[in-house]
Every structure is written in C-alpha cells, then in structure tokens.
Amino acid sequence: MAGSQESHFLALLSRMKYIERWALMRSSRPENLSEHSLEVAAIAHMLCVIGNVRHGRSLDAERAALVAIYHDASEIITGDMPTPVKYHDGRIRDAYRAVERSAEERLLDTLPADLRPAFADVFWPSEDASEDERHLRLLVKAADKISALIKCVDEARAGNAEFSSAERTCRAAVDEMAAELPEVADFVREFLPSYGATLDDLL
C-alpha cells in the first residue's frame with residue numbers, strides 16, 4: 001500500500017530550528033535556519049507580488065515561498081557553512097555544491113516514492129524551466145541575500161560591530177541585484193528601511 005512506510009522527511013525538516021547560522025560570528029541574538037527560511041519565504045513572496053503587480057510578471061508567489069522554505073534544507077545534514085569559507089575559491093565552492101546536492105537527495109530519499117517527484121520539483125528547477133520559473137528562483141536568491149542583510153542591520157543596531165564587514169558585502173550584493181531586478185529595487189526602497197526599528201516606531 002502506497003504511503004504505508006514510515007517517512008522521516010518532516011521530522012528532519014523540523015530540525016532546522018537546531019541549525020545555527022553565522023557560526024563563525026559573535027551574534028547579539030542567534031539566528032536559526034528555521035527563522036531564516038521563514039523570513040526568506042516572506043520576502044520572496046513579496047518580491048513576486050511586486051513583480052506581478054508593478055512589473056508585468058506572471059509569477060507564482062506561493063511557489064516562491066515554498067521554494068524559499070526549502071532553499072537551505074540541505075543544511076539539516078551539512079550544517080551552515082559560512083559564506084567566506086564556501087566561496088573562498090572555486091574548488092571549495094564546487095565541492096560544497098556537490099555536498100549540498102547529495103544532502104538534498106538524501107532528504108528526498110526519506111520521502112515515500114510516490115511523493116518524491118512533487119518535492120524534487122520544488123528543490124530543483126527542471127532543465128527546461130520557463131522564464132517565469134527562472135525569474136522566480138532568481139528572486140528567491142535575492143530574498144536570501146536580503147535576509148542576510150537584514151540580520152547584519154539588526155546586529156549593527158544592537159551595537160555589534162562584528163557584522164560590519166558582512167553588512168558591506170551583503171549590501172553591495174543586494175544593490176547589485178536591485179540594479180538588475182526592479183522587484184528588489186522596490187523592496188529596498190519601500191520595505192528594507194523599516195528593519196531594525198523599534199515596535200513603537202513601526203506601529
């Protein structure tokens with residue numbers, strides 16, 4: 001009977017809350033992978049809505065949120081490799097991508113066979129992905145970088161200078177994306193300035 005075998009997939013996903021990000025940095029408040037993934041999902045959804053409403057796109061905003069939820073799922077197995085290490089040179093970057101892919105395959109292998117294709121479609125773009133799908137995934141990557149910048153801004157406003165270099169790097173990356181993606185430019189102009197404000201300021 002299909003689905004009768006025990007699956008560990010969701011139990012593994014629930015462990016995202018145990019994966020701490022920014023492992024080499026001193027944080028004023030630790031951030032876990034579960035928190036990060038939710039924030040990336042919300043930002044990616046908003047970027048797609050902006051694209052649809054203002055820039056003539058026909059993007060599936062709910063799919064973008066789903067892709068974002070799973071975008072770092074491999075780290076349940078690998079842990080979070082710090083960006084300066086991951087991108088130190090091409091050999092490390094390529095080797096880590098292979099490790100990420102292997103970890104994603106291992107996660108998908110915990111699913112019942114009949115459900116696996118539906119999730120593989122979320123984890124990986126197909127080779128013949130539409131232009132909308134490619135743009136959607138580009139916006140998820142932008143959301144990931146925006147989330148990293150938000151973390152840096154939060155740390156700076158908490159008086160933690162540990163993230164000053166990371167903030168410059170993340171801001172430069174977001175600015176570069178904003179120059180190419182009008183959805184990101186709109187987000188940076190209208191939504192990003194509020195991050196780090198107090199609740200009294202926001203309400």
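**Exercise 1. Work out how much surface this predicted model exposes, and which atoms supply it**.

Solution. Start with the total: the protein exposes about 11600 Å². Next, split that by atom type: carbon and sulfur atoms supply 54% of the exposed area. Then turn to the inside: 40% of the 203 residues count as buried.

**Exercise 2. Describe the fold, then decide how compact the protein is for its length**.

Solution. Count the elements to begin with: you get 11 helices and zero strands. Reading along the sequence just gives α-α-α-α-α-α-α-α-α-α-α. Now for compactness: the radius of gyration is 18 Å, and the globule rule gives 17 Å for 203 residues. Those two values are close, so the protein is as compact as a globular protein of that length. For the outline, the C-alpha trace spans about 55 × 40 × 40 Å along its principal axes. Finally, check the contacts: of those between residues at least 6 apart in sequence, 69% join residues at least 24 apart.

**Exercise 3. Find how far apart the mean positions of the positive and negative charges are**.

Solution. Tally the charges: there are 24 positive and 36 negative ones. Take the mean position of each set, and the two turn out to be 3 Å apart.

**Exercise 4. Explain why C170 and C152 are not bonded through their sulfurs**.

Solution. Step one is the distance: the cysteine sulfur closest to that of C170 belongs to C152, 4.2 Å away. Step two is the cut-off: a disulfide needs the sulfur atoms within 2.5 Å. The gap is therefore too far for a bond, and the disulfide count is zero. As for their surroundings, C152 is buried at 0% relative accessible area, and C170 also counts as buried, at 8%.

Note on methods: Residues are numbered from 1 along each chain as its sequence is written. This is a predicted model: local features need pLDDT of at least 70, side-chain atom pairs count only at pLDDT 80 or more; totals for chains, interfaces and linings use all residues. Side-chain values use heavy atoms; hydrogens and water are left out. Helices (H or I, at least four residues) and strands (E, at least two) are DSSP runs, numbered from the N terminus. The radius of gyration is taken over C-alpha atoms; the globule rule is 2.2 Å times the number of residues to the power 0.38. Buried means under 20% relative accessible area, exposed over 50%, partly exposed in between (1.4 Å probe, protein chains only). Contact means heavy atoms within 4.5 Å. Accessible areas come from the Shrake-Rupley method with a 1.4 Å probe; for residues, only the protein chains shown count as cover. Lys and Arg count as positive and Asp and Glu as negative; His and the chain ends are not counted. The place of a charge is taken as NZ of Lys, CZ of Arg, CG of Asp or CD of Glu.
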